[in-house]
Amino acid sequence: MQGGQELDSGDSLSAFRDRFVIEDPNLIYLDGNSLGRLPKGTVEAVDRVMSQWGSSLVSGWREWYDLPQRLGAKIARLIGAEADEVVVCDSTSVNLFKLTVAALQVQADRPKVVTDDANFPSDVYVTVGAAVLTGKTEFDVVAVEDDVAAATSRIEAKLDGQTAVLTLSHALFRSGYVHDMARLTGGAHEVGALALWDLSHSVGALPIDLNHCGVDLAVGCTYKYVNGGPGAPAFLFVRRELQERMRTPIWGWFGQRNAFDFSLDYEPAAGVARFLAGTPPILSMAAVEPGIDLLLEAGLDRLREKSVAQTSFLIELVDEVLVPLGFQMITPRDVNRRGSHVSVTHPEAWRINQALIAEMKVIPDFRAPNVIRLGVTPLYTTFQELEEAIDRIRCVVTERRFEKYDVAKSAVT
Ligand SMILES: *Cc1c(COP(=O)(O)O)cnc(C)c1O
């Protein structure tokens, strides 16, 4: 096995690390799948909008008004969509709500919604809420968490002529498993259901081809692998042919045909813009763009290649160093079925994670009940960091450093 240093010297993307604010080079950040690092270009971009605000005042809106569409067109290039199929707005949860309600209304004669038990809990809450609101009576949460390898066939078995929408997360937040988007979307279409995907854990981490897979609807987050900043606005995708048939449940003036007519009669805007609601948060929107630009500059194929090399390297290290210490790997070994994080379980996962952050300068994250996620962000993670992180985890366990930490969980993990 090649060492970290050797692998880093052959890395054609290594220069991108310098494009990020890295105050402490000894701190190993493996949580880019939860909150990406700050690109240096973002500091300038936000500063520029602040200056515009100060000098241009309200006329700044001439430049800011179409940011949801302009950023959407760039996101489209990351997810295999057309420029006029994506807008950046609101949060992932709100966008999921808008698209789910719209989809369930279009599928009025079908009572059933299908998802799986490995989906992000917030997505399940939003989906159930939307189903209740639109009078849907059946909700199928397919059990896949215990055996993700069986996920595709178990989900397919639940799709039938009663199914209105199949809604899934593309890369699963706990295990890092990546669903077979083409096959499951095809399965939904075979029974006349719509397919809605949440790309939060895959956008910016792996190439996605929504149109090639025939996806109807999608949402995703920009503060993870897109490095858009805490609480950055999310995006939504509506396949072009569906746009004129669908209506958002939030009839706001940014989704109105001629917002500045101030007419009291709501008429949805043409195209995907009808899914906008109210005034976009311009400072946060401005912070998203440099992150997208970095991904486009590096190229998703190259990023994916490095991500696969890094997760493979990490898995070898887990097998060699951590498994003998009582860890188990829950991320798929099949590269086609995994995203950009590697998850391990350990009975003491919570306390080990605390020790890593408090005294070892390693930041992974913990997910209940016993999972530690090691996120790889190819734009700034080095192979040497992965090697060093595994060594620090080994240290915490063999020296039993975790024992002095509290077993009680804190509010944010
Ligand atoms: C991160 C994530 C979210 C976050 O939603 P917010 O509305 O930004 O809180 C939603 N769904 C999935 C699958 C995620 O990974």
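1. The lining of the largest pocket comprises seven nonpolar, ten polar and five charged residues. The model is a predicted one, and the pocket has a volume of about 310 Å³. In total, 22 residues line this pocket. Those nearest its centre are Phe120, Ser200, His201, Tyr223 and Lys224.

2. Two helices deserve mention for this lining. Both α5 (92–106) and α6 (121–133) contribute at least two residues each to the largest pocket.

3. The second largest pocket holds about 220 Å³ of space. Its lining is made up of 15 residues, and Leu35, Leu38, Gly228, Gly229 and Pro230 are the closest to its centre. By class, the lining of the second largest pocket splits into seven nonpolar, seven polar and one charged.

4. Lys224 should be looked at with particular care. The UniProt record, an unreviewed entry, lists Lys224 as "modified residue: N6-(pyridoxal phosphate)lysine". That annotation may be inferred rather than shown by experiment. In the model, Lys224 is found in the loop between β7 (217–220) and β8 (234–238). Is Lys224 buried or exposed? Lys224 counts as buried because its relative accessibility is 9%, and the cut-off for buried is under 20%.

5. Lys224 also has an aromatic partner. Lysine 224 is placed over the face of phenylalanine 120, 5.5 Å from the ring centre. Phe120 and Lys224 are both among the residues nearest the centre of the largest pocket, so the record's modified position, Lys224, belongs to the lining described in point 1.

6. A further charge lies over a ring elsewhere. Here arginine 37 sits over the face of tyrosine 380, with 5.5 Å to the ring centre.

7. Across the whole structure, a search gives twelve aromatic pairs. One of them joins Trp253 and Phe254 in an edge-to-face arrangement, with 5.2 Å between centres and 85 degrees between the planes. The angle counts as edge-to-face because it is over 60 degrees.

8. How do the two residues of that pair stand in accessibility? Trp253 has 35% relative accessibility and therefore counts as partly exposed. Phe254 has a relative accessible area of 8%, so Phe254 is buried. The cut-off that separates buried from partly exposed is 20%.

9. The pair is part of a wider group. Trp253 and Phe254 are linked by ring pairs with Tyr65, Phe260 and Phe262 into a cluster.

Notes
Residues numbered from 1 in each chain as written. Predicted model: local features only at pLDDT ≥ 70, side-chain atom pairs only at ≥ 80, totals over all residues. Heavy atoms only, no water. 1 Å grid on protein atoms, 1.4 Å probe; cavity = no way out; pocket = protein on both sides within 12 Å on 5 of 7 lines; lining within 4 Å. Points joined across faces, edges and corners; volume = space filled by probe spheres on them. Helix = DSSP H or I, 4+ residues; strand = E, 2+ residues; numbered from the N terminus. Nonpolar A, V, L, I, M, F, W, Y, C, P; charged D, E, K, R; others polar. Phe/Tyr/Trp six-rings, centres within 6.5 Å; stacked < 30°, edge-to-face > 60°. Buried < 20%, exposed > 50% of the residue type's maximum accessible area, 1.4 Å probe, protein only. Lys NZ or Arg CZ within 6 Å of the ring centre and 35° of its normal.
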